[in-house]
Amino acid sequence: MPSVASASDDDVLLQDVDEYFDAGDDASNVTGTGSDNASAGADAADEGEFFDAARAIQGGEDSSYLDFPAHAAAFDGDVQQVLKLLEPMSAAQRVAFDPLGNTVLHVAVLKRRIAVVQALLDFGFPCMHNNAGGWLPLDEAVALRHRQLVEVLYYACMSHMKGQMRAKRADLLQSLRDMPDHHLSLSWELGSPVFGFILSRYAPHDTYQVWKRGVQIRVDGSLMGIDEKTSSLIPRWKRGDFSLLFDGRSQPASIKLVDRAKKTYIDVQAEKKASRRDKETEVQSLLSAGAGKTKIKTTDFHFKPAKTLFGNDSTEKVAGWRTRVYEATGRLAAVSITKAPLRLPDGGTFEEYCAMTPPLDARHEVPIDPLSTKGMKLGKPQAGGAIDSESDSAQVAAAAAAAAEHSKKGSGRKFTARCWMAESFPISLQQLLPILDVIGEANKHLKKAGRFMAKYGSKSLFPIKLQVPLLFTVFALVQNRTFRLLKAGEEAATNEFYELPPGSVLKPMKRVGALGLDDEEDFGLP
């Protein structure tokens with residue numbers, strides 16, 4: 001079996017490479033093997049308009065397929081000619097689209113030219129570049145059910161992702177070095193103007209104490225999960241004393257979760273590594289699932305300063321800091337897309353390929369209403385755009401009916417979130433994001449908040465408070481309560497403060513969640 005790169009399994013990164021292929025909570029994330037590549041412009045242009053343009057090119061009297069010699073060489077399986085043609089090209093020229101909107105690598109995959117695919121990857125051709133339809137070469141291989149091509153491209157994508165993670169780790173460590181050593185208090189809770197008393201009594205909440213020194217971080221908290229021993233119908237939350245310890249001095253960086261009362265700890269990175277499936281299993285999973293993706297699409301989205309009744313920018317004083325209030329508004333829709341395979345007949349020419357009419361992908365879109373889940377189950381994308389069972393047909397029909405019903409009501413309910421951003425704060429949002437990445441190992445909700453702020457927040461300001469609506473009048477509230485710089489000589493300024501307590505015993509974890517830690521017994525963190 002051809003091998004693309006020798007990406008060592010011993011490389012433990014700050015985040016799983018798998019996150020690039022997992023279901024995303026961020027509005028821009030895509031599940032399945034597809035990805036949103038901004039340079040490809042897949043989401044910027046309507047797919048129908050692209051195919052219309054392609055057909056116009058094919059029908060033009062002066063159209064010449066000699067304009068795509070590298071694509072033609074890949075189609076014919078001429079490895080030497082492909083590399084010879086690509087060598088003098090710029091990076092942008094190498095990923096140019098042919099009349100069907102495919103790159104040279106996509107064409108090689110569609111023709112099942114394994115030698116050309118391998119040579120292109122060895123040459124450094126980008127394996128993560130989408131075609132005009134928004135699909136990776138890996139997606140085309142999955143749609144064709146070609147196992148050997150899937151293996152080669154999957155390993156190449158994994159190697160690419162690991163390289164990106166290493167670069168992200170280096171950026172995180174540099175960001176920690178650049179910011180001053182400090183302590184901050186970060187609280188999170190559920191709130192409501194109507195159900196405030198009930199939520200304050202029974203809903204989960206906690207305050208994290210965060211210390212940062214050099215490239216070391218310590219996070220202390222108390223919420224340990226649901227107390228399963230209680231007989232009450234209303235859940236009771238188990239409290240304790242835990243610490244999350246991040247040490248960027250080691251290679252790779254280490255993250256440990258400590259139960260200070262029981263003097264046990266979990267090696268987070270080792271547990272994540274142990275929970276990963278082997279590559280053969282991943283390849284088989286891709287082939288079984290088929291080429292498809294589901295994403296959350298935002299419409300009418302705006303992140304801008306909130307206004308007062310008189311039209312001025314809204315400002316408030318929060319925790320002693322003067323803040324500017326921002327509002328994020330928009331509507332959400334769940335989009336499920338199934339890749340239609342483009343099967344090329346044996347013996348065809350490149351000119352005949354360019355004249356083909358590409359099959360349209362199956363696409364189902366349902367607006368998301370936070371007060372209703374009707375019609376939200378789109379069904380699992382099926383390979384080749386086919387619906388394999390009556391139940392799938394019923395789900396698609398229900399989704400289409402729900403979409404039509406929602407469209408009459410105005411494309412779903414609008415979401416509104418608020419963010420209080422402080423000026424002249426000692427650190428900025430840009431510097432806070434690496435800390436939220438680390439805290440996200442213990443709290444997936446804060447990880448989501450960090451991703452949202454990374455995409456939409458003003459990086460030069462600092463988020464003192466963030467309010468996100470959930471259901472009805474219930475909202476999630478995250479607030480930075482206190483901040484101070486560390487002083488020389490205090491306990492938090494010493495190495496020992498960020499190390500394991502003496503006598504701590506390593507404890508295997510029962511379960512590692514997809515977006516954070518979730519041990520069923522002692523570390524049931526939210």
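# A guided tour of the charges, turns and cysteines

Start by selecting Asp 76, Asp 78, Glu 351 and Glu 352, which together form a negative patch on the surface. Keep in mind along the way that you are looking at a predicted model. Within the patch, click on Glu 351: this residue belongs to helix 12, which covers residues 350-354. Glu 351 has a relative accessible area of 41%, so it counts as partly exposed.

**Next stop: a cis peptide bond**

Now select Gln 251 and Pro 252. The peptide bond that joins them is cis, with omega at about 0°. To get your bearings, show strand 4 (237-247) and strand 5 (254-259); Pro 252 sits in the loop between them.

**Two arginines with positive phi**

Which loop holds Arg 112? Display helix 5 (104-110) and helix 6 (114-123), and you will find Arg 112 in the loop between the two. Check the backbone there: phi of Arg 112 is near 60°, a positive value in a residue that is not glycine. The side of the story told by accessibility is that Arg 112 is partly exposed, at 33% relative accessible area.

Move on to Arg 145, in the loop between helix 7 (137-144) and helix 8 (147-178). Here too you can inspect the backbone: Arg 145 is not a glycine, yet its phi is positive, at about 60°. Its relative accessibility is 42%, and Arg 145 therefore counts as partly exposed.

**A pair of cysteines**

How many disulfides does the structure hold? The count is zero. Select Cys 127 to look at one cysteine outside any disulfide; its nearest cysteine sulfur belongs to Cys 157, 4.0 Å away. Why is there no bond from Cys 157 to Cys 127? The 4.0 Å between the two sulfurs is too far for one, because a disulfide needs the sulfur atoms within 2.5 Å. Are these cysteines buried or exposed? Cys 127 is buried, at 8% relative accessibility, and Cys 157 is buried as well, with a relative accessible area of 1%.

**Salt bridges**

Side chains carrying opposite charges can pair when their charged atoms come close. Searching the whole structure turns up eleven salt bridges, and a few of them make good stops.

Begin with Arg 218 and Asp 220, whose side chains meet in a salt bridge with an N to O distance of 2.9 Å. Arg 218 counts as buried, at 10% relative accessibility. Asp 220 counts as buried too, at 13%.

Then select Arg 331 and Asp 300, where the salt bridge has an N to O distance of 3.5 Å. Colour the strands to see what this pair connects: Arg 331 is in strand 9 (residues 321-338) and Asp 300 is in strand 7 (residues 292-305), so the bridge ties together parts that lie 31 residues apart in sequence.

Go on to Asp 313 and Lys 307, another salt bridge, with 2.5 Å from N to O. Of this pair, Asp 313 counts as partly exposed, at 40% relative accessibility.

For the last stop, select Arg 147, Glu 151 and Glu 280 together. Which residues does the network here join? Salt bridges with shared partners link Arg 147, Glu 151 and Glu 280 into one network.

Note on methods: Residues are numbered from 1 along each chain as its sequence is written. This is a predicted model: local features need pLDDT of at least 70, side-chain atom pairs count only at pLDDT 80 or more; totals for chains, interfaces and linings use all residues. Side-chain values use heavy atoms; hydrogens and water are left out. Patches are made of residues with over 30% relative accessible area and no salt bridge: like charges are joined within 9 Å, nonpolar side chains (Val, Leu, Ile, Met, Phe, Trp, Tyr) within 5 Å. Accessible areas come from the Shrake-Rupley method with a 1.4 Å probe; for residues, only the protein chains shown count as cover. A salt bridge is a side-chain nitrogen of Lys or Arg within 4 Å of a carboxyl oxygen of Asp or Glu. Lys and Arg count as positive and Asp and Glu as negative; His and the chain ends are not counted. The place of a charge is taken as NZ of Lys, CZ of Arg, CG of Asp or CD of Glu. Helices (H or I, at least four residues) and strands (E, at least two) are DSSP runs, numbered from the N terminus. Buried means under 20% relative accessible area, exposed over 50%, partly exposed in between (1.4 Å probe, protein chains only).
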